[in-house]
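The report below describes a fold, beginning with one strand and working outwards to the whole chain.

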Amino acid sequence: MTALAFDRDFPVVPETVESLSPLVRRVVANNPSPFPFRGTSSFIVGRGRVAIIDPGPADEAHLAALLEAVRGETVSYILVTHSHADHSPLAAALKTATGAPTHAYGPVAAPTGGHGLRLDASIDHGFIPDLRLAEGDELSGPGWTLQAVFTPGHMSNHMCFALAEEQALFSGDHVMAWATSVIAPPDGDMGQYFSSLQKLLGRDDQIYHPGHGPSRRDPLPLLRGYLTHRRMREEAIRASVERGARRVGDVVAAVYAGLDPALRGAAELSAAAHLSHLVAQGKLRVSDELIYEPS
């Protein structure tokens, strides 16, 4: 399988503010791990009257860093791309400190936990936004406008935010430059993820600011690479079932060569999402015991 060309060059000092453009600042939380990479990126949009995107994990040091970064400014909006526990939990404390309401698509539709696995970035079931956003909704401040772009797949409530003035997209965990996104069923859905990737191909964004890792200019080649990678992975998974793999663990052993043991749980979740997508397309069938067979 052809590997994507990822960018892991992301030297950051946690809890310090970095100016990325005239309208965008970034503060990276000190929560590194195999899934959040160097940590979760919180973004401050605007000057004077601002929005904060993805407050991050429930961490007092990160809250203090964000409040220091906007000292003397007014926080008008708190936006959340999705309710994984490394993105949304700090929203409540940030709201208390600033008085700004929280905005997002909504709570998750169902918990993860299929196959008995749990990722570091597990679901924040307690997150319910003050105001729910729909596709195309806009929030604005002096010299900036953020538009909601609904992108389910990584999670059922995943939403990106487009900054029109800089042709920038805050892409959350939907598209990242350092690694592919984990799709964890039952809340994560591979069919929706494919559709959301295709949706972004029709946009003219010039730079992505992901929830983890470096920003990416000229993002369309990366987006096409994501789609090619996922299609090739799905075909390899279908072929492994044709050759006799019957359970998720068998598929991972057959398809994910050289896998870091620390990432096996994530690979099993993504494989399960691909298998469910293949079943939905009629390319495989499955018994009640989650044994997969060729259609």
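## Strand 3 and its surroundings

Strand 3 is covered on both faces: Ser41, Phe43 and Val45 are buried on one side, and Ser42 and Ile44 are buried on the other. Buried here means under 20% relative accessible area, with exposed over 50% and partly exposed in between (1.4 Å probe, protein chains only). In a regular strand the side chains alternate between the two faces of the sheet. Because five of the five residues of strand 3 are buried, the strand is largely enclosed by the rest of the structure.

This is a predicted model, in which local features need pLDDT of at least 70, side-chain atom pairs count only at pLDDT 80 or more, and totals for chains, interfaces and linings use all residues. Residues are numbered from 1 along each chain as its sequence is written, and side-chain values use heavy atoms, with hydrogens and water left out. Helices (H or I, at least four residues) and strands (E, at least two) are DSSP runs, numbered from the N terminus.

Strand 3 belongs to an open sheet of seven strands in the order 1-2-3-4-5-6-7, with mixed pairing. Two strands pair if DSSP finds at least two bridges between them. At the edges are strand 1 (17–19) and strand 7 (131–132), each of which pairs on one side only.

On one side, strand 3 (residues 41–45) pairs with strand 2 (residues 24–28) in the antiparallel sense over five bridges. Strand 3 and strand 4 also run antiparallel, joined by three bridges. Strand 4 and strand 5 are joined by five bridges and run parallel. The table lists residues that face each other across these pairs.

| Residue | Partner | Strand of the partner |
|---|---|---|
| Val24 | Val45 | strand 3 |
| Arg25 | Ile44 | strand 3 |
| Ile44 | Ile52 | strand 4 |
| Val45 | Ala51 | strand 4 |
| Ile52 | Ile78 | strand 5 |

The hairpin of strand 3 and strand 4 has three residues between the strands, and Gly46 there takes a positive phi near 100°. Strand 4 is itself mostly covered, with four of its five residues buried.

## Helices on the sheet

Helix 2 (residues 91–98) lies across strand 4 (49–53), strand 5 (74–79) and strand 6 (102–104), and runs at about 160° to strand 5. Axes are lines fitted to C-alpha atoms, for helices over the stretch in contact, and angles run from 0 to 180 degrees between N-to-C directions. Contact means heavy atoms within 4.5 Å.

## Helix 4 and helix 6

The expected span of a helix is 1.5 Å times one less than its number of residues. For helix 4 (residues 220–242), with 23 residues, this gives 33 Å, and the end C-alpha atoms are 33 Å apart, which agrees. After helix 4 comes Gly244, whose phi is positive, near 125°.

Helix 6 (residues 264–280) has 17 residues and an expected span of 24 Å; its end C-alpha atoms are 24 Å apart, which agrees. Of those 17 residues, 12 are buried, so helix 6 is largely enclosed by the rest of the structure. The buried residues include Ala266, Leu269, Ala273, His274 and His277. Buried residues of helix 6 pack against helix 3 (190–201), helix 4, helix 5 (248–255), strand 14 (284–286) and strand 15 (292–294). Gly282 follows helix 6 and has a positive phi, near 80°.

## The chain as a whole

The chain contains six helices and 15 strands. Its radius of gyration is 19 Å, close to the 19 Å that the globule rule gives for 295 residues, so the chain is as compact as a globular protein of that length. The radius is taken over C-alpha atoms, and the rule is 2.2 Å times the number of residues to the power 0.38. Along its principal axes the C-alpha trace spans about 65 × 35 × 35 Å.

Buried residues make up 54% of the 295 residues. Of the contacts between residues at least 6 apart in sequence, 64% join residues at least 24 apart.
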